[in-house]
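Welcome! Open the structure in your viewer, and let's walk through a few stops together.

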Amino acid sequence: MPAAPLEINGLCAGYGPTLIIEDISFSVKAGDRLAVLGRNGMGKTTLLATLMGLSTRHDGQIKIGEQDITDRRTSTRADLGIGYVPQTRDIFASLTVEENLRTGLKGRPVAALHEAYEMFPRLRERRRNYGMQLSGGEQQMLSMARTLLGKPSILLLDEPLEGLAPVICDELMALLVQLAASKEVTIILVEQQIERALDFADSVMVMERGRTSWAGRPEVLIADRALVDRLVGVGIH
Amino acid sequence: MTDIAIDHVPGKRSIPFVQEGLGALTIIALGAVGCFLFPDDLALLTRLIGISFLVLSLDLVTGYCGIATLGHAAQFGVAAYAVGIACVRGVTDPVALLAIGIVAGTLMGLISGALIARFRGLPQLVLSIAVGQLVAALANKLQWLTGGSDGLSGILPGKVFGIYSFDMYSRTAFLFSLATLVVVFVALSRFVRSPFGLLCRGIKDDDLRAKMIGVAVYPRLVIMYGVAGAVAGVGGALTAISTGVVGLDSVGFERSAEVLVMLVLGGAGHLWGALAGALIFQIFEHIVSAANPFHWMTLVGLLLILIVVFAPRGLIEPVLMLVRRRAGKGRPS
């Protein structure tokens, strides 16, 4: 699927009656990359979960291109091109690496698995291992590879670098940069590693207590460490 | 998204149908061993194969999809009654009767699945029991059709392919059942490794994760129930054809509970586990009940306790671990 634009208007959502995010509005052009930053507990994960249809929406609208997906089910959203790599990785523990990848093919031929193995050669070595036997980094690679095999038009990444060794983070970020350069997928990245996120994104949204507290170009934040410290609570080193 | 694959690096590929071929040969070999060991008990072996289909069917929904059910005999029983009724009313071709069993089992599976797959956990279990009990009560009430508590008798199937008649030594019934088992087992081996089968295992792992990659969980579970119904239907049909009688026991709660025990014994989530559980349980039951008609249930209970304590994932698990270990030698992992 080609990259698709995403438009969010006045989104309010949470879990059950509890409201976590309020009046969020933003848009991302097709092929662009948005970094969503903020301290822990500010609603970043809930925002992605809401885009995927995994939380309770109270108000607002979500559109992919001209298509309103606000009331669509999670599985339908995935079919429409939203790929989600959650913080918890969410691979199938009782399936092997190869079987996990095959579940992400979405009707594509099995030969397409080579794309995943080219992206992450380590997965080829581990292809007969079960999901539960993988390290955190390998699980993240598998989760990402499985999502990418489905050729998403919009990719939602929830803290993909969390808990990973720096060398693995470099590998993953290199892949994301390569993906972004192709302009064939729209990427929304939630990340706590501020410097990496700012280097990667072409627009940034900062969340605070479920609302947008700042939005703009990453260069502004890169140039103003005090502003980053005030918004996110950490400086750029 | 860009296509990153540049070089096609072929991995180690398994030769198509080798696993299925080996499976078929193993079943044929087991059948030959059965004939050799129990030449006068072919009727028992035929019954054993009929029940094996029900355990395989249960494995599809419980072992592969994680659906808790204690009413699975409904599909087996409905198919057995459908075949019995059709045969009594003039349809005597065994292959046609088998087809009737498959259709009846599939329909019952789809109806059961549509109800049961909506829920998870205890409500699902209770609903499965309710469906099973409802079918059993109907079979009992509709005496004019099913024979009620007397059972449906007078089922006299014709010759297989117009050549082989069902003899009193059950030779034809056994070979017909064995051949059907080979075909169904090979088909199921392919099916559970298909993307559909893998996603069902994914749903068993975590249905939310499955939804996140675009899987419509409920329809898949209903379809799987339909497939399981077809397999149970084959078992019900073969049992009706080979025994010539269909009784209330074929839809009863005891039958559902018994096949669940067989599945746990063999190992849920593996076709070989289901088959092994069905064979071992029924042969053990046969031998022990003959040796000690008064306390055989105690011995069966003891066996189950030992299995659950020492091999909680079923008897097949240690075998599979051995196979995996051997297969893993010399392979990076």
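A residue is called buried when its relative accessible area is under 20%. Keep that cut-off in hand for the last stop; this is a predicted model.

**Stop one: the sheet.** Start in chain A and select strands β6, β7, β8, β3, β9 and β10, which form an open sheet of six strands in that order, with mixed pairing. Look at β6 (82-85) and β10 of chain A: they stand at the edges with a single partner strand each, so one side of each has no neighbour in the sheet. From one strand to the next, the twist averages 15 degrees.

**Stop two: the helices on the sheet.** Now add helix α6 of chain A, residues 136-149, which packs on the sheet and touches β6 and β7 (154-158) of chain A. The direction of α6 makes about 175 degrees with that of β6(A). Next, select helix α7, residues 166-182 of chain A, lying across β3, β7 and β8 of chain A and running at about 145 degrees to β8(A).

**Stop three: two strand pairs.** Select residues 33-37 and 186-190 of chain A: these are β3 and β8, paired in the parallel sense over four bridges. Here A:Leu34 stands opposite A:Ile188. Then move to β9 (203-208) and β10 (211-216) of chain A, an antiparallel pair with five bridges. Zoom in on A:Val204, whose bridge partner in β10(A) is A:Gly216. In the hairpin of β9(A) and β10(A), find A:Arg209, with a positive phi near 50 degrees.

**Last stop: chain B.** Is B:Ser57, in helix α2 (residues 42-63) of chain B, buried or exposed? B:Ser57 counts as buried because its relative accessibility is 0%. Show its surroundings too: B:Ser57 touches residues including B:His72, B:Gln75 and B:Val231.

Notes:
Residues numbered from 1 in each chain as written. Chains lettered and ligands numbered in written order. Predicted model: local features only at pLDDT ≥ 70, side-chain atom pairs only at ≥ 80, totals over all residues. Heavy atoms only, no water. Pairing = 2+ DSSP bridges. Buried < 20%, exposed > 50% of the residue type's maximum accessible area, 1.4 Å probe, protein only. Contact = heavy atoms within 4.5 Å. Axes fitted to C-alpha atoms, helices over the stretch in contact; angles between N-to-C directions. Lists of a residue's contacts leave out its neighbours within four places in sequence.
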